Amino acid sequence: MDLDAHGGNKRVFQRHGGPPTADSRQKVCFHWRAGKCTRYQCPFLHRELPPMQAANGGGGGSSNTYKRGFGDDHSFTGPPAARRNPNFNHSSTWGRVGGNRVVRKTEKFCTYWAQGSCNYGDRCRFVHSWSVSESVSLLTQLEGHGKVVNGIALPSGSDKLYTGSKDETLRVWDCQSGQCVNVYNLGNEVGCMISEGPWIFVGLPHAVKAWDIQTSTQHSLPGPVGQVHALVVGNDLLFAGTQDGAILAWRYNAATNGFDPAASLTGHSLAVVSLVVGANRLCSGSMDKSIRVWSLETLQCMQILTEHTSVVMSMLCWDQFLLSCSLDQTIKVWVANDSGNLEVTYTHNEESVCFLCSFITLLRCDVIVISTYL
């Protein structure tokens with residue numbers, strides 16, 4: 001056993017971060033480069049060697065260290081976290097929290113944070129925000145809802161943002177100040193919300209609420225059984241996907257400024273949770289793992305798509321293309337063949353995508369709104 005002058009074990013002392021040797025002072029920590037050094041007093045450097053020193057091999061450096069640490073233009077290519085974040089603290093070790101405990105962030109999204117119930121805060125191992133765009137930045141955070149937000153609507157030409165939540169309220173926000181200007185207590189959990197023209201439609205248990213924001217006219221559209229999970233407008237009809245698997249349709253009546261029942265589309269065996277309109281078709285995604293394609297003219301089912309193995313959470317449709325995402329952790333791309341039927345042409349695996357939305361429809365009044373639903 002190696003003993004020091006005081007009878008201690010030198011190997012253990014150095015392993016726990018004793019005084020670094022002259023040789024180790026000039027070496028860059030291999031584990032730090034990989035973003036996973038856990039030594040409390042690491043004897044090696046947690047920064048790259050200067051280019052000239054590393055290139056000349058001085059102080060234990062090497063030409064290999066130089067190539068790994070710096071490119072030909074001296075740009076930093078060190079640990080992954082540092083490459084992603086220019087403000088990365090090179091002297092720290094991934095956010096040490098007291099003693100020797102290290103919080104290692106993973107790329108997995110925190111579902112508890114999305115539901116507003118994560119108790120770990122900054123100590124959580126999982127991601128509390130997610131973005132892959134360098135051109136999008138956070139303007140402000142709208143706080144007020146007590147539970148998950150299930151619907152966001154930004155009517156065209158309006159300077160107000162509308163949000164509906166499971167806390168049984170609908171909030172109205174001023175897009176310029178970011179302040180909440182009104183709160184409506186609905187008495188039931190909001191399952192979904194959309195805007196069309198001057199109308200705001202809100203899906204509730206056993207009903208759909210309709211507000212004309214120009215005239216303050218309100219309607220309650222009865223008929224749904226259970227929670228209304230999805231709403232969409234197409235061919236002058238309002239469609240609602242319900243808990244019992246039916247899709248109800250209403251037609252706007254200009255004479256009464258109201259909505260008359262038009263049809264009930266049946267076929268799904270479980271709740272309809274997503275609806276999309278495109279290419280003169282209505283597509284419905286359900287908890288029964290299927291997608292049904294309906295003709296907007298005849299309201300008849302044209303095709304049943306069964307390639308997903310779990311709930312179909314969201315869809316996008318345009319021209320001959322359909323995109324669908326599911327809790328089976330896949331995004332599928334469908335293309336219409338010569339006969340008009342949709343076929344899968346590509347499947348992308350993605351762990352935590354539950355909602356798809358086209359980027360163009362999110363841009364209103366210089367505000368970008370992104371809704372995450374888990």
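In this predicted model, six strands make up an open sheet, arranged in the order β5-β6-β7-β8-β9-β10 with antiparallel pairing. At its edges lie β5 (192-196) and β10 (258-265), each of which pairs on one side only, and from one strand to the next the twist averages 35 degrees. A further open sheet is built from 4 strands, and the stretch from β11 to β13 adds two hairpins.

**The sheet from β5 to β10**
- Strand β9, which covers residues 247-253, pairs with β10 in the antiparallel sense, and 7 bridges link the two.
- Within this pair, N253 stands opposite G258 of β10.
- Strands of a sheet pair through backbone hydrogen bonds, and the pairing may be either parallel or antiparallel.

**The sheet from β1 to β4**
- The order of this open sheet is β1-β2-β3-β4, and its pairing is antiparallel.
- Its edge strands are β1 (149-153) and β4 (180-185), each pairing on one side only, while the twist averages 20 degrees from one strand to the next.
- Strand β3 (residues 169-174) runs antiparallel to β4 and is joined to β4 by 5 bridges; R171 has V183 in β4 as its bridge partner.

**Strand β12 and its two neighbours**
- Strand β12 (residues 281-286) is mostly covered, with 6 of its 6 residues buried.
- In a regular strand the side chains alternate between the two faces of the sheet.
- In β12, R281, C283 and G285 point one way, whereas L282, S284 and S286 point the other way, and all of them are buried.
- Strand β11 (residues 272-278) pairs with β12 in the antiparallel sense over 6 bridges, and the bridge partner of V276 in β12 is C283.
- The hairpin of β11 and β12 has 2 residues between the strands, and A279 in its turn has a positive phi of about 55 degrees.
- Strand β13 (residues 291-295) runs antiparallel to β12 and is joined to it by 5 bridges; here L282 has W294 in β13 as its bridge partner.
- The hairpin of β12 and β13 has 4 residues between the strands, and K289 in its turn has a positive phi of about 75 degrees.

**Record annotation**
- An unreviewed UniProt entry lists residues 142-183 and 265-304 under "repeat: WD".
- The span 265-304 is 0% helix and 57% strand, and its end C-alpha atoms lie 14 Å apart.

**Confidence**
- The protein chain has a mean pLDDT of 77, and 68% of its residues reach 70 or more.
- The pLDDT is below 50 over residues 52-100, a stretch with 76 contacts in the model beyond near neighbours in sequence.
- Residues 358-374 also have pLDDT below 50, with 30 such contacts beyond near neighbours in sequence.
- Where pLDDT is low, the predicted coordinates should not be read in detail.

Notes: Residues numbered from 1 in each chain as written. Predicted model: local features only at pLDDT ≥ 70, side-chain atom pairs only at ≥ 80, totals over all residues. Heavy atoms only, no water. Pairing = 2+ DSSP bridges. Axes fitted to C-alpha atoms, helices over the stretch in contact; angles between N-to-C directions. UniProt positions renumbered as here; feature names shortened; annotations may be inferred. pLDDT = per-residue confidence, 0-100. Contact = heavy atoms within 4.5 Å. Buried < 20%, exposed > 50% of the residue type's maximum accessible area, 1.4 Å probe, protein only.
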